[in-house]
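Please open the structure in your viewer and keep the selection panel at hand. The tour below goes from one selection to the next and says what is there.

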Amino acid sequence: MKLYLKNIADKIKYNSPLRIVLDGLRHIGLTFMPFYIFNEDVKARMSVNDLALPDDFTVVTLNETDMKEMEQLPMRTRKESELLNLMRKGNHCLGIRINGQLAAFTWYNQHECNFSGSTFALEDKEAYLFDAYTSPDFRGMNLAPLIRQEVYKALDEQGITTLLSVSECFNRSAIRSTAKLKATKECLLVYVSLFKKLDFVKPVKLYQGKSRLI
């Protein structure tokens with residue numbers, strides 16, 4: 001019960017009231033999610049965010065043995081089985097540990113961009129970043145841009161030049177973190193799902209020329 005109440009308190013603290021309401025509707029089968037697609041340039045953003053990791057931070061490539069720990073982090077909804085399935089489908093995850101404790105992570109895929117309502121193949125020099133997370137116990141320490149920088153470095157070594165990411169419009173922490181990376185908006189879309197019987201993505205605004213998503 002204590003952990004349950006802490007999760008509720010964290011959810012209220014780190015989310016806007018509107019996002020909490022929308023999240024509640026999602027649990028009963030009604031989804032209305034406006035979201036931005038961002039473009040991130042690997043080399044340009046690496047120079048802007050040249051942040052050094054403190055001595056007690058360790059950057060690690062997470063594997064299947066870490067998925068149980070990830071499932072048990074505060075405010076996480078993905079079960080271990082789902083996380084294992086993600087990894088077995090070719091997704092990768094980079095994390096930061098502080099004194100051995102998993103503090104932050106982000107997933108990435110070099111073959112496919114796959115999010116609610118949309119799926120498309122990536123080009124050779126593209127990657128899709130998703131499910132970026134920082135534990136409430138370690139927020140306010142700039143871990144989001146730190147882990148992003150480490151992913152940039154890893155993907156740059158593999159010849160990746162362009163990154164795509166998705167942020168819900170009402171996810172304040174995600175929008176702030178993306179702003180720090182000086183990412184540019186490609187488009188604004190809205191995803192609607194009604195009891196899993198009707199699913200569609202509606203374009204709202206295009207920010208850059210044209211987009212393959214619209």
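Which residue in the turn of the hairpin formed by strand 9 and strand 10 has a positive phi? In this predicted model, the residue to select is Phe195, whose phi is about 50°, in a hairpin that leaves 3 residues between the two strands.

Keep Phe195 selected and add Leu194, Leu198 and Phe200, which together with Phe195 form a nonpolar patch on the surface, with about 360 Å² of accessible area together.

Next, select strand 9 as a whole, residues 184-194, where 8 of the 11 residues are buried, so that the strand is largely enclosed by the rest of the structure. Strand 10, residues 198-206, runs antiparallel to strand 9 and is joined to it by 8 bridges; to see one pairing, select Val192, whose bridge partner in strand 10 is Phe200. Strand 1, residues 30-41, also pairs with strand 9 in the antiparallel sense, over 10 bridges, and here Thr31 has Ser193 as its bridge partner in strand 9.

Now move to strand 3, residues 92-98, which is largely enclosed by the rest of the structure because 6 of its 7 residues are buried. Strand 2, residues 57-61, runs antiparallel to strand 3 and is joined to it by 5 bridges, with Thr61 standing opposite Leu94. Strand 4, residues 101-109, pairs with strand 3 in the antiparallel sense over 7 bridges, and selecting Ile96 leads to Ala104, its bridge partner in strand 4.

Finally, select Asn99, which takes a positive phi near 50° in the hairpin of strand 3 and strand 4, where 2 residues lie between the strands.

Definitions and conventions:
Residues numbered from 1 in each chain as written. Predicted model: local features only at pLDDT ≥ 70, side-chain atom pairs only at ≥ 80, totals over all residues. Heavy atoms only, no water. Buried < 20%, exposed > 50% of the residue type's maximum accessible area, 1.4 Å probe, protein only. Helix = DSSP H or I, 4+ residues; strand = E, 2+ residues; numbered from the N terminus. Pairing = 2+ DSSP bridges. Patch = residues over 30% accessible without salt bridge, like charges linked within 9 Å, V, L, I, M, F, W, Y side chains within 5 Å. Areas by Shrake-Rupley, 256 points an atom, 1.4 Å probe, with all protein chains shown as cover. Salt bridge = Lys/Arg side-chain N within 4 Å of Asp/Glu carboxyl O.
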